[in-house]
Amino acid sequence: MTDLFNTIGEKAEKVAPVAAPNGTTEDDEKVVEEIESLCMNCEENGMTRLLLTKIPYFREIIIMSFSCDHCGFSNNEIQPAGTFQLKGAHYELRLTEMPDFERQVIKSDTAVVKFIELDVEVPAGKGQLSNVEGLLRTIIDDLEFGQEGRKEQTPEVYDKVAEVITQGRKMLDGEAFPFRVSVDDPAGNSFIAPDPRDGVGKWSKREFLRTPEQNAALGLTDTAKTDDLDENGDIIPDQIYQFPASCPGCLHSCTTNMKMVEIPHFRQVVIMNTSCDDCGYKSNDVKTGGEIPEKGKKVTLRVRNVEDLARDILKSESCALECPELSLTVNPGTLGGRFTTVEGLLTQIRDDLHSQIFEADADSGPAARKNDSLDKEEKTRWEKFFDDLNTAIKGESEFTIILTDPLASSYVQSTAEDPSQPDGQMTVEEYERTDEEEEDLGLKDMKTEGYENDV
């Protein structure tokens, strides 16, 4: 199987656009667009053909073929029909039989192809749509092209290249199995076709995070720009940073906003927000930093009026929340990390619980939204619970909030004259973590001294 680009001219003749009455074409999926372009060889007008095609198990790409009738020059390459991927991609195929040479390979202009056992690689350059045989044959032909000159000028290089050519010919003849070929692309737009029959170790794909240097090479960042960092290279408090992410709902690209906030008389926390324009997914989370304290912390706040509901509150992921008067208990990990007000936290707890208890199937329309599986007594008990919770959220009843955090990462705003001290309605106490809490947090398995002796 030779280079697939050689057939694009035939495709152009077979699927040339034919105007339909409504102005569209008869085959919208295989339309070749022809554009007059200047030939780089003779500077006369030639013809560039563009074909948008879908690669199975991959994505759409654009095949471009240029030919000049004046001088006979031709050129072929591919371009991805989308943007850079969120992560780079590394593909590896282990060839064990002749049919493996027919595996389709897409090499973008940012990818490096390497035949590992041959210790030869094709650097980033022109994009190609080929197969393993076509790539290896092109490498061998290119090496043979300059051998006569090397034989006279650098005999030692000539001998080494001759060995590579001989080994490459054995590979093409099927006499050197097994061997491996890899494609490494920081843009994530390259591909080696898999086969459903591939076993373990035959075909693999690994995604990786790009380095700052790779992002700079792709034009995604400016490594010389440090205005968004301080003199020590650290992020600046209260400045919003944005970075690409993948939506957990629809897996499309989205954006995560991050902001570091300094909470007075507490510590720095990182607020993160992710929103997806495609499916509407939204999430908020708060992360606290710093070392793990020796003791946990328990904060008790007596809420008496509307002013207390407006206090800032930080509930970390490791924090348990309890309101005895409201018969409310929130286990650690529930809701994640939240930085809001007392009213905002109770409102979110109420809304989440109400949707779980009373809205059994929100997608089935209003007629099916009420959960009819609750018996009358249980339904009455839940209705009283939500009535009491609504009364507390409006500031019409007094109650107590107890935050128990084994990592001491939670916080309630103080209204005392000296903010460094809790006010009369709030008590803060440290406590020794239980063995169960130590185990749940993984602290019993953590070794910070003498660990090098165990290696």
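The exercises below, each with a worked solution, concern a predicted model of a single structure.

**Exercise 1. Describe the make-up of the chain and the reach of its contacts.**

The chain has nine helices and 24 strands. Of its 455 residues, 33% count as buried. Turning to contacts with a sequence separation of 6 or more, one finds that 59% of them come from residues 24 or more positions apart.

**Exercise 2. Work out which strands stand at the edges of the five-stranded open sheet, and describe how a helix lies across this sheet.**

Step 1. The strand order is E8-E7-E10-E5-E12, and the pairing is antiparallel.

Step 2. Strand E8 (120-122) and strand E12 (203-208) each have a single partner strand, so they stand at the edges and one side of each is left without a neighbour in the sheet. From one strand to the next, the twist averages 15 degrees.

Step 3. Within the sheet, strand E7 (residues 112-115) and strand E10 (residues 179-185) run antiparallel and are joined by four bridges; Phe115 stands opposite Val181 in E10.

Step 4. Helix H2 (residues 132-145) lies across strand E5 (88-95), E7, E8 and E10, and its direction is at about 85 degrees to E7.

**Exercise 3. Carry out the corresponding analysis for the open sheet of three strands.**

Step 1. Here the order is E9-E6-E11, with antiparallel pairing. Because strand E9 (128-131) and strand E11 (191-192) have a single partner strand each, they stand at the edges, and one side of each lacks a neighbour in the sheet.

Step 2. Strand E6 (residues 104-107) is joined to E9 by four bridges, and the two run antiparallel; the bridge partner of Lys107 in E9 is Gln128.

Step 3. Helix H2 packs on this sheet, where H2 touches E6 and E9 and makes about 105 degrees with the direction of E9.

**Exercise 4. Compare the span of helix H7 with the expected span, and locate its buried residues around the axis.**

Step 1. Helix H7 (residues 342-358) has 17 residues, which at 1.5 Å a residue should span 24 Å. The expected span takes one less than the number of residues as its multiplier. The end C-alpha atoms are 24 Å apart, in agreement with that expectation.

Step 2. The buried residues of H7 are Val342, Leu345, Leu346, Ile349, Ile357 and Phe358. Seen down the axis of H7, they fall within an arc of 150 degrees, so they line one face of the helix. An α-helix has 3.6 residues a turn, so residues three or four places apart point the same way.

**Exercise 5. Describe the surroundings of Leu321.**

Step 1. Leu321 lies in strand E19 (residues 320-323), and with a relative accessible area of 2% Leu321 is buried.

Step 2. Leaving aside residues up to four places away in sequence, Leu321 touches Leu328, Thr329, Val330, Leu345, Ile349, Ile401, Ile402 and Leu403. Two of these partners, Leu345 and Ile349, are among the buried residues of H7.

Step 3. Leu321 and Ile401 are 80 residues apart in sequence, yet their C-alpha atoms are 7.0 Å apart in space.

**Exercise 6. Explain why Cys247 and Cys279 do not form a disulfide.**

Step 1. The closest cysteine sulfur to that of Cys247 is in Cys279, at 3.6 Å, which is too far for a bond, since a disulfide requires sulfur atoms within 2.5 Å.

Step 2. Cys247 counts as buried at 0% relative accessibility, whereas Cys279 counts as partly exposed at 41%.

Step 3. The structure as a whole holds zero disulfides.

Notes: Residues are numbered from 1 along each chain as its sequence is written. This is a predicted model: local features need pLDDT of at least 70, side-chain atom pairs count only at pLDDT 80 or more; totals for chains, interfaces and linings use all residues. Side-chain values use heavy atoms; hydrogens and water are left out. Two strands pair if DSSP finds at least two bridges between them. Axes are lines fitted to C-alpha atoms, for helices over the stretch in contact, and angles run from 0 to 180 degrees between N-to-C directions. Contact means heavy atoms within 4.5 Å. Buried means under 20% relative accessible area, exposed over 50%, partly exposed in between (1.4 Å probe, protein chains only). The arc is that of the directions from the helix axis to the C-beta atoms.
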